[in-house]
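Here are my notes on the model you sent over. Have a look at the picture first, then read on.

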2 protein chains.
Amino acid sequence: MATMKDVAKLCGISISTVSRVINNSGYVNKETEEKVKAAIEKLNFSPNQAARSLVNGDTKTIGLIIPDISNPFFPAIARAVEDTLQEEKYSIIVCNSDNDILKLSKHFKTLKQKSVDGIIIAGEIKRNHIQEFTEQNLPLVMIDVNTDSLPVNSVRTDNRFGGNIATNHLIEQGFSRIAHIRGPLDSSTAEDRYKGYLDSLKEFGILYDPTLVQIGDFHEESGYNAMLRLLAHSNPPDAVFVANDLMALGVLEVLSKNKSQIGIVGYDDIPFIKYLNPKLTTVKQPIYDIGIKAAQILLKTINNSSETVDFVKELMKPELIIRQTSLREKVRK
Amino acid sequence: MATMKDVAKLCGISISTVSRVINNSGYVNKETEEKVKAAIEKLNFSPNQAARSLVNGDTKTIGLIIPDISNPFFPAIARAVEDTLQEEKYSIIVCNSDNDILKLSKHFKTLKQKSVDGIIIAGEIKRNHIQEFTEQNLPLVMIDVNTDSLPVNSVRTDNRFGGNIATNHLIEQGFSRIAHIRGPLDSSTAEDRYKGYLDSLKEFGILYDPTLVQIGDFHEESGYNAMLRLLAHSNPPDAVFVANDLMALGVLEVLSKNKSQIGIVGYDDIPFIKYLNPKLTTVKQPIYDIGIKAAQILLKTINNSSETVDFVKELMKPELIIRQTSLREKVRK
DNA sequence: CTGAAAGCGCTTACAG
DNA sequence: CTGAAAGCGCTTACAG
């Protein structure tokens with residue numbers, strides 16, 4: 001590959017001048033400039049980013065660590081981040097953590113070694129692990145992690161509110177015995193949605209029955225199994241709020257066999273869920289917007305890295321999307 | 001961030017020796033080695049990859065250019081590539097091209113500038129555009145592009161065969177008037193699946209009726225519209241082979257309203273399609289395996305960059321997954 | 001407006 | 001076994 005030296009030689013000038021025309025810095029004779037540009041064109045030269053990074057300290061690339069790009073929740077985030085950052089000429093290194101703190105940690109280290117200009121981390125991280133990432137003095141935005149009172153930027157959605165509107169809707173539809181299939185006990189997201197569910201019960205004066213709450217792991221199969229358990233209950237529920245769409249898929253799977261009339265509300269509104277039959281009522285997260293927001297905050301942090309700026313804590317509101325599965329008078333085929 | 005100089009100073013030795021212990025190259029006194037390792041630990045040092053790249057020429061990062069990570073076909077490829085390459089300590093920069101040759105070209109250039117060690121490109125590229133990428137002397141693997149007789153590695157699936165087994169299955173199920181919703185005219189993938197469809201007709205001595213072939217763009221809505229047109233036909237089909245699952249989603253959308261008994265076979269077997277109701281019969285592409293294969297070939301190319309190796313042309317076989325929508329005696333709820 | 005020189009943080013022969 | 005020195009390809013003051 002051609003280097004600046006090559007184009008300098010071809011033009012009979014110094015590399016300093018070549019650098020100036022490339023970076024539009026300082027004054028350069030119009031004529032010289034043309035000559036340099038022609039040479040660059042001719043040699044198909046493009047500056048070596050590694051060399052640049054070494055002196056500038058920046059790389060024009062950022063890291064995005066997500067649990068799993070195969071999980072339908074994350075591609076939209078990745079896309080949003082790329083769409084937003086590539087306007088500013090950034091590239092994105094994507095890493096899958098599988099929600100494993102060890103893998104996450106390894107990826108973080110690698111990214112740091114590659115001198116990325118900033119990192120976006122999505123997924124649950126336990127509070128005592130967060131510090132490891134915040135003290136690195138690297139522009140950072142966390143998605144979906146509770147960073148209250150911690151020195152990090154974050155973008156989250158109001159999960160408690162989401163759980164609340166989901167459950168309220170079911171109650172207002174006339175369902176009276178409402179179960180909840182929640183996420184893992186150590187997940188704050190799961191916990192918040194569960195709290196929203198409890199809020200609703202209290203709000204409507206419904207007695208809380210702990211045997212109606214089943215624990216899943218946010219994947220299909222656990223939803224399937226949880227629903228089976230619920231159906232085996234001596235006094236089964238007539239509706240269920242499921243903490244995410246993936247588990248709701250499992251729930252639908254068992255209920256479709258039973259031609260059941262149990263009301264269902266999911267959570268996330270992942271793409272393609274709308275093609276399901278019957279159509280799933282769900283709490284929609286503004287996935288793409290979350291990605292955009294995170295990217296914007298990261299960008300701002302990168303550009304202000306010298307000044308002390310307050311950390312941004314963005315809380316986005318989810319929205320109830322009413323489709324078929326929650327309707328009392330629904331027509332299930 | 002700490003540099004090698006810092007650890008050298010802390011140990012009272014030269015950076016040459018530090019470098020040696022980091023890279024396990026040459027002989028180092030056991031004692032010195034321990035001291036260096038301790039210093040590295042203490043200073044939380046990790047080598048600057050930009051500096052390394054500058055001298056070594058490699059970056060331990062590769063580029064993956066796909067049409068769109070939001071398209072459910074691609075996350076599995078991205079995951080497979082990461083899973084395969086991260087064993088070798090590579091990072092992946094993901095770029096979305098939207099199947100736009102200009103964007104693709106820009107991404108390619110950026111990646112080259114960042115000195116990536118290799119690039120995987122997925123998606124259709126017209127023959128006359130391929131050269132632009134092959135002549136750059138960069139390890140390269142193309143997924144899903146016809147590279148016959150061109151100096152590039154590629155991984156593809158046998159689309160003609162896929163179209164053939166899809167249509168054969170429909171015929172064997174007893175359907176006699178079989179339509180085809182194909183992809184764009186300028187897509188070789190679409191063309192090949194269409195040819196497979198034609199092969200079947202000929203094989204079974206069925207007269208080809210061009211009015212039964214509708215053109216879509218591989219997205220839901222075009223499938224929806226194409227199906228509408230087919231239903232408006234004076235002599236409508238009793239089955240349809242749809243060139244990908246996304247368009248089949250659109251087809252199912254119109255047919256579910258009509259309680260139609262038209263047979264359907266899709267193509268791809270994208271994730272979650274199996275949760276659809278009725279369950280879509282489709283031609284499964286080994287998506288994850290395609291990604292693995294591409295990554296393996298890239299790796300081999302990177303490691304043999306000096307030797308002249310033959311270009312690999314991998315042709316993978318798709319597989320028919322029979323579910324509900326193609327069954328003659330199917331029970332549609 | 002332009003060039004010489006130092007330096008970014010490493011690796012790699014070459015001496016010793 | 002270890003160190004001094006050159007060099008990877010750039011950018012950035014500093015002179016001129």
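Before the points, some vocabulary: Ala, Val, Leu, Ile, Met, Phe, Trp, Tyr, Cys and Pro count as nonpolar, Asp, Glu, Lys and Arg as charged, and the others, Gly among them, as polar. A residue is "near" a strand if one of its heavy atoms lies within 4 Å of it.

1. Ground rules. This is a predicted model, in which local features need pLDDT of at least 70 and side-chain atom pairs count only at pLDDT 80 or more, while totals for chains, interfaces and linings use all residues. Residues are numbered from 1 along each chain as its sequence is written, chains are lettered from A and ligands numbered from 1 in the order written, and side-chain values use heavy atoms, leaving out hydrogens and water.

2. The two protein copies. A turn of 180° with a shift of 0.0 Å along the axis lays chain A on chain B at an RMSD of 0.1 Å (least squares on C-alpha atoms of residues with pLDDT of at least 70 in both). That is the relation of a two-fold axis. The copies meet through the same surface, because 100% of the interface residues of chain A are also interface residues in chain B (contact means heavy atoms within 4.5 Å).

3. Around DNA strand C. There are 25 residues surrounding this strand, with Ser16(A), Arg20(A), Thr32(A), Ser19(B) and Arg52(B) the closest. They split into eleven nonpolar, eleven polar and three charged. Helices here are DSSP runs (H or I, at least four residues), numbered from the N terminus. α2 (15-23) and α4 (49-56) of both chain A and chain B each supply at least two residues, and α2(B) gives the largest share, five residues.

4. Polar contacts to strand C (pairs of N or O atoms within 3.5 Å). The side chain of Ser16(A) puts an N or O atom 2.6 Å from a base nitrogen. On the phosphates, a polar backbone atom of Asn29(A) sits 3.0 Å from an oxygen, and a backbone N or O atom of Asn48(B) lies 3.4 Å from one.

5. Around DNA strand D. Here 26 residues surround the strand, the closest being Ser19(A), Arg52(A), Ser16(B), Arg20(B) and Thr32(B). The split is twelve nonpolar, eleven polar and three charged.

6. Polar contacts to strand D. Which part of the strand does the side chain of Arg20(B) reach? A base oxygen, 2.4 Å from a side-chain N or O atom of Arg20(B). Phosphate oxygens lie 2.9 Å from a polar backbone atom of Met4(A) and 3.0 Å from a side-chain N or O atom of Asn23(A).

Technical notes. A polar contact is a pair of N or O atoms within 3.5 Å; within protein, one must be able to donate a hydrogen and the other to accept it, and residues adjacent in sequence count only if both atoms are side-chain atoms.
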